[in-house]
Amino acid sequence: MKTVTAKELRSRAAAILECVRKGDEVTITMRGKSIAVMRPVKETDRPFNFVGFGIWKGRGEMKDVKKWIDERRKERYQR
């Protein structure tokens, strides 16, 4: 595990983030004390499920989002 100071992180952020992207863990210190650990994000095996996302969960009319949006726009923008 690599250790960098907060000052080094500010001045060399791109290089440090590249190390993290490659799989290294980086400990960030401030005034000699560890304050954070940066590590790469683990990929999940589950695909993201768009159905039920956010405030529209369980709404039947939102099954086909494009159709729902087109209907709302049609009311405002008649041609």
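What share of the 79 residues in the protein do buried residues make up? In this predicted model, buried residues account for 14% of the 79 residues. The accessible surface of the protein comes to about 7,500 Å², and carbon and sulfur atoms hold 54% of that surface. Contacts along the chain give another view of the whole protein. Of the contacts with a separation of 6 or more, 23% are made by residues 24 or more positions apart.

A walk along the chain comes next. The secondary structure of the protein consists of three helices and three strands. Read from the N terminus on, the elements follow the order β-α-α-β-β-α. In this order, two helices stand between strand 1 and strand 2, strand 3 follows strand 2, and a helix comes after strand 3.

How are the strands put together? The three strands form an open sheet with the order 1-2-3 and mixed pairing. Strand 1 and strand 3 are the edge strands, each pairing on one side only. On average, neighbouring strands of this sheet are turned by 30 degrees against each other, with direction ignored.

The mixed pairing of the sheet can be followed one pair of strands at a time. Strand 1, made up of residues 2–5, runs parallel to strand 2 and is joined to strand 2 by four bridges. Within this pair, T3 has T27 of strand 2 as its bridge partner. On the other side, strand 2 pairs with strand 3, residues 33–38, in the antiparallel sense, and five bridges link the two. Two positions help to trace this pairing on the structure: V26 stands opposite M38 in strand 3, while I28 stands opposite A36 in strand 3.

Strand 2 and strand 3 also form a hairpin, with two residues between the strands. In this hairpin, R31 takes a positive phi near 55 degrees.

Is strand 2 mostly covered or mostly open? Strand 2, which spans residues 26–30, is mostly covered, and four of its five residues are buried. For the protein as a whole, by contrast, buried residues make up 14% of the 79 residues. Strand 2 thus brings several parts of the picture together: strand 2 has parallel strand 1 as one partner and antiparallel strand 3 as another, and stands between the two in the sheet order 1-2-3.

Conventions. Residues numbered from 1 in each chain as written. Predicted model: local features only at pLDDT ≥ 70, side-chain atom pairs only at ≥ 80, totals over all residues. Heavy atoms only, no water. Buried < 20%, exposed > 50% of the residue type's maximum accessible area, 1.4 Å probe, protein only. Pairing = 2+ DSSP bridges. Axes fitted to C-alpha atoms, helices over the stretch in contact; angles between N-to-C directions. Contact = heavy atoms within 4.5 Å. Areas by Shrake-Rupley, 256 points an atom, 1.4 Å probe, with all protein chains shown as cover.
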